[in-house]
Amino acid sequence: MSAPKKIVQRSLLITSAALLTVSGLAPSAFAAPKPSGSPTPAPPARMSQVGGARLGVPGTQVNLAPGVPVLPKGLTARSWIVTDAESGEVLASHNAHWRLPPASTLKMLFADTVLPRFPRDQRHQVVPADLAGIGAGSSMVGIKENETYTVQDLWLGVFLRSGNDAVHVLSAMNGGVARTVKDMQAHADALQAGDTHVVSPDGYDAPEQYSSAYDLTLFARSGLQKKDFREYCSTVRAKFPGATTQKGKGKGTRETFEIQNTNRLLSGDTDTAVYPGIAGVKNGNTTNAGATFTGVAERGGKVLLVTVMNPEKHDHDEVYKETAQLFDWGFKAAGKVKPVGVLVPPLNATPSTQPSGAPSANVTGAPQGTAGAGSEPVRGATAQSGGSRGAGTALAIATGLLVLLGGAAFLVNRRWPLPDLMRRRQRP
């Protein structure tokens, strides 16, 4: 497909989204349905259409045409999505807006919300209250009461071992679990992640807690704008502080132990190879959620995000196998397949930070939250790029269709780059 043809198609996507947004006459079917109770056993007939009408239609959505490879056979996930991480184009999807338990993939939202608030070298001594309320059977990195950890230690525990204990300590530093949940929900709203309802910061199974493949991809994409997020999620293994041992009356010694990333496409497994070009992001597994995973990989200058939720096939590492198949398809299809939707930008996005192909205002019924809520760094912390600082929703909508159309040629040629994504690390 020629470049001028692509620009025209993207311009039409922006124009149609702007018309729906500014006119206020979009049919109610385009609005995200109100949050319901537990996830349904089958995808609802009416799901959110944020990012495009086809993303709200149950089943697989893809524009097959001559030259476009067919999708992998045997995919069993309840929901999945393949997107261009930089342009925001949705290359294909399956029940993208189905609200399902997210498990520890919700930690991507936790990190994107809290990570900018504390410098990585800040130290914190853990008190018993920090570890209160951790769910039974939670994944743990092994944090000990009365020991001191750096913020970097804690984030490595979150990303590599999916440690709920590390999440709770960071939440305590952030003002407590309740405050952190509120901050995460506000940040999700600012990212236009309308399928997400946060109950626990660590993704532990809880009534009324859910997200979607679409929203999890938004969280990953936003988080990857932050250098520390990229570094932590791409780390294969690291040393973690253990307990201090006291020998006699002398000063105690503190040993370290190795932790390895549980993302099997990054660290490998007995029957799962390291995926070429993989650079993160986060996996999860709970009783209610099954296996969930969002991954980012680069090949030939193209960066893709793939999210897979709850494969019905329960073979070993099935979620990674299906993710790898979708990555393979996405890299072959990129540049050939016509998108079925787009990843919307944060509500406060400006033309200088906005991904190409994405409208600058709310798309088809996305939540009207307060941009920037719950995402400001604390005093003295170093702010990272990306996230959802500031506000501009009312202004973006008020400027209306003329501004969107006038800037369309500019927007379609912008990308949301992921600098320094591929940090070449020694593999195990």
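Author: Welcome! Buried means under 20% relative accessible area, exposed means over 50%, and partly exposed lies in between (1.4 Å probe, protein chains only). This is a predicted model, in which local features need pLDDT of at least 70 and side-chain atom pairs count only at pLDDT 80 or more, while totals for chains, interfaces and linings use all residues. Residues are numbered from 1 along each chain as its sequence is written, and side-chain values use heavy atoms, with hydrogens and water left out.

Reader: Thanks! What percentage of the residues in the chain is buried?

Author: Let's begin with the whole chain, which has 11 helices and 11 strands. Helices (H or I, at least four residues) and strands (E, at least two) are DSSP runs, numbered from the N terminus. Of the 428 residues, the buried share is 56%.

Reader: How many salt bridges does the structure hold?

Author: Side chains of opposite charge can pair when their charged atoms come close. A salt bridge is a side-chain nitrogen of Lys or Arg within 4 Å of a carboxyl oxygen of Asp or Glu. In this structure the number of salt bridges is 13.

Reader: Arginine 99 and aspartate 195 form one of them. How many residues apart in sequence are the parts that this pair ties together?

Author: The closest N and O atoms of arginine 99 and aspartate 195 are 3.5 Å apart. Arginine 99 lies in the loop between strand S3 (89-94) and helix H2 (107-114), and aspartate 195 in the loop between helix H5 (177-190) and helix H6 (213-223), so the pair ties together parts whose separation in sequence is 96 residues.

Reader: Is aspartate 195 buried or exposed?

Author: Its partner arginine 99 has 11% relative accessibility and counts as buried. Aspartate 195 has a relative accessible area of 1%, so aspartate 195 is buried.

Reader: Arginine 120 also forms a salt bridge, with aspartate 228. Which helix holds aspartate 228?

Author: Here the closest N and O atoms are 2.8 Å apart. The pair links distant parts of the chain, 108 residues apart: arginine 120 is in the loop between H2 and strand S4 (123-125), while aspartate 228 is in helix H7.

Reader: What is the relative accessible area of aspartate 228?

Author: Arginine 120 counts as partly exposed, because its relative accessibility is 25%. Aspartate 228 is buried, and its relative accessible area is 13%.

Reader: Which helix gives the largest share of the largest nonpolar core?

Author: A nonpolar core is a set of buried Ala, Val, Leu, Ile, Met, Phe, Trp, Tyr and Cys residues joined through side-chain atoms within 4.5 Å. The largest one has 63 residues, and those with the most contacts inside it include Trp155, Phe159 and Val281. The largest share of this core is seven residues, from helix H3.

Reader: How many residues are in the second, separate core?

Author: That second core includes Ala77, Leu304, Val306 and Val337. Its number of residues is 28.

Reader: How far apart in space are serine 162 and serine 139?

Author: Serine 162 is found in the loop between H3 and helix H4 (164-173), and it is buried, with a relative accessible area of 7%. Contact means heavy atoms within 4.5 Å; not counting residues up to four places away in sequence, serine 162 touches several residues, among them Ser104, Lys107 and Ser139. Serine 162 and serine 139 are 23 residues apart in sequence, and their C-alpha to C-alpha distance is 6.2 Å.
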